[in-house]
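User: Please take one part of this model and look at it closely, beginning with how the backbone pairs and moving on to the side chains and the open space beside them. A connected account would help me more than a list.

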Amino acid sequence: MKIDHIAIQVDDIYEACGWYWAKFGAKMLYHDDTWAILQFDNIKIALVLPNQHKKHLAVEVSPEKYPDLEFKQHRDGSKYYYLEDPWGNCVELIDYGPNSGKNT
């Protein structure tokens, strides 16, 4: 099982991107006015606005293993499904295509 990213909420996407780059050298993979994704050596973090996205943990999966769930499509073409664990934490199941989640 592979953790793809962890999403944290920030008030300003561009300011937060600059801070994570300056402090840790995180590489920005994507950004717009509502979210950004930053690459660290071992994981990605998503920076999201509180009124746009939930804080969450994203796990890369193959949707075929979840036939009862209806995956939607993100702007980047990835497919996703949000669910909540029994303790109220948001978990995103994410699929990037044919090789996504091959170890899940």
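**Strand pairing and the pocket beside it**

Analyst: In this predicted model, strand β6, residues 72–73, pairs with β7 in the antiparallel sense over two bridges. Within that pairing, Lys 72 has Tyr 80 of β7 as its bridge partner. The two strands form a hairpin with five residues between them, and in the turn Gly 77 has a positive phi of about 95°. On β7 there is a further antiparallel pairing, this time with β8 and over six bridges, in which Lys 79 is matched by Asp 95 of β8. β7 and β8 also form a hairpin, again with five residues between them, and the turn holds Gly 88, whose phi is positive at about 90°.

These hairpins belong to a wider arrangement, an open sheet of eight strands with mixed pairing, in the order β2-β3-β4-β1-β5-β8-β7-β6. β2 and β6 stand at the edges with a single partner strand each, so one side of each is left without a neighbour in the sheet. In general terms, strands of a sheet pair through backbone hydrogen bonds, and the sense may be parallel or antiparallel.

Both senses can be seen around β4. With β3, the pairing of β4 is antiparallel and runs over five bridges; Ile 37 finds its bridge partner in Ala 46 of β4, and the two strands form a hairpin with four residues between them. With β1, the pairing of β4 is parallel, over five bridges, and Gln 9 has Val 48 of β4 as its bridge partner.

Is β4 enclosed or open to its surroundings? Five of its five residues are buried, so β4 is largely enclosed by the rest of the structure. The cover extends to both faces, with Lys 44, Ala 46 and Val 48 buried on one side and Ile 45 and Leu 47 buried on the other. Lys 44, one of these residues, has 14% relative accessibility and counts as buried because the limit for that class is under 20%.

The charged end of Lys 44 has a partner, since Asp 4 forms a salt bridge with Lys 44 in which the closest N and O atoms are 3.0 Å apart. Asp 4 lies in strand β1 and Lys 44 in strand β4, so the pair ties together parts that are 40 residues apart in sequence. Asp 4, at 3% relative accessibility, likewise counts as buried. Side chains of opposite charge can pair in this way when their charged atoms come close.

The count of salt bridges comes to two, and the other pair joins Lys 2 to Glu 60, with the closest N and O atoms 3.4 Å apart. This pair links distant parts of the chain, since Lys 2 is in strand β1 (residues 2–9) and Glu 60 in strand β5 (residues 56–60), 58 residues apart. Here the two ends fall into separate classes of exposure: Lys 2 is partly exposed at 47% relative accessibility, whereas Glu 60 is buried at 10%.

Toward the edge of the sheet, Met 28 is found in strand β2, and with a relative accessible area of 38% Met 28 is partly exposed. Leaving aside residues up to four places away in sequence, Met 28 touches Cys 17, Ile 37 and Leu 38. Tyr 14 is 14 residues from Met 28 in sequence, and their C-alpha atoms are 10 Å apart in space.

How much space lies in the largest pocket? The figure is about 320 Å³. Of the 19 residues that line this pocket, those closest to its centre are His 5, Trp 35, Ile 37, His 74 and Asp 76. Several strands already described reach this lining, because the elements that give two or more residues to it are β2 (27–31), β3 (35–39), β4 (44–48), β7 (79–84) and β8 (90–95), each a strand as assigned by DSSP. The largest share, three residues, comes from β4. By residue class, the lining divides into 10 nonpolar, five polar and four charged residues.

Taken together, β4 pairs with β3 in the antiparallel sense and with β1 in the parallel sense, Lys 44 forms a salt bridge with Asp 4, and β4 gives the largest share of the lining of the largest pocket.

Key: Residues numbered from 1 in each chain as written. Predicted model: local features only at pLDDT ≥ 70, side-chain atom pairs only at ≥ 80, totals over all residues. Heavy atoms only, no water. 1 Å grid on protein atoms, 1.4 Å probe; cavity = no way out; pocket = protein on both sides within 12 Å on 5 of 7 lines; lining within 4 Å. Points joined across faces, edges and corners; volume = space filled by probe spheres on them. Nonpolar A, V, L, I, M, F, W, Y, C, P; charged D, E, K, R; others polar. Pairing = 2+ DSSP bridges. Salt bridge = Lys/Arg side-chain N within 4 Å of Asp/Glu carboxyl O. Buried < 20%, exposed > 50% of the residue type's maximum accessible area, 1.4 Å probe, protein only. Contact = heavy atoms within 4.5 Å.
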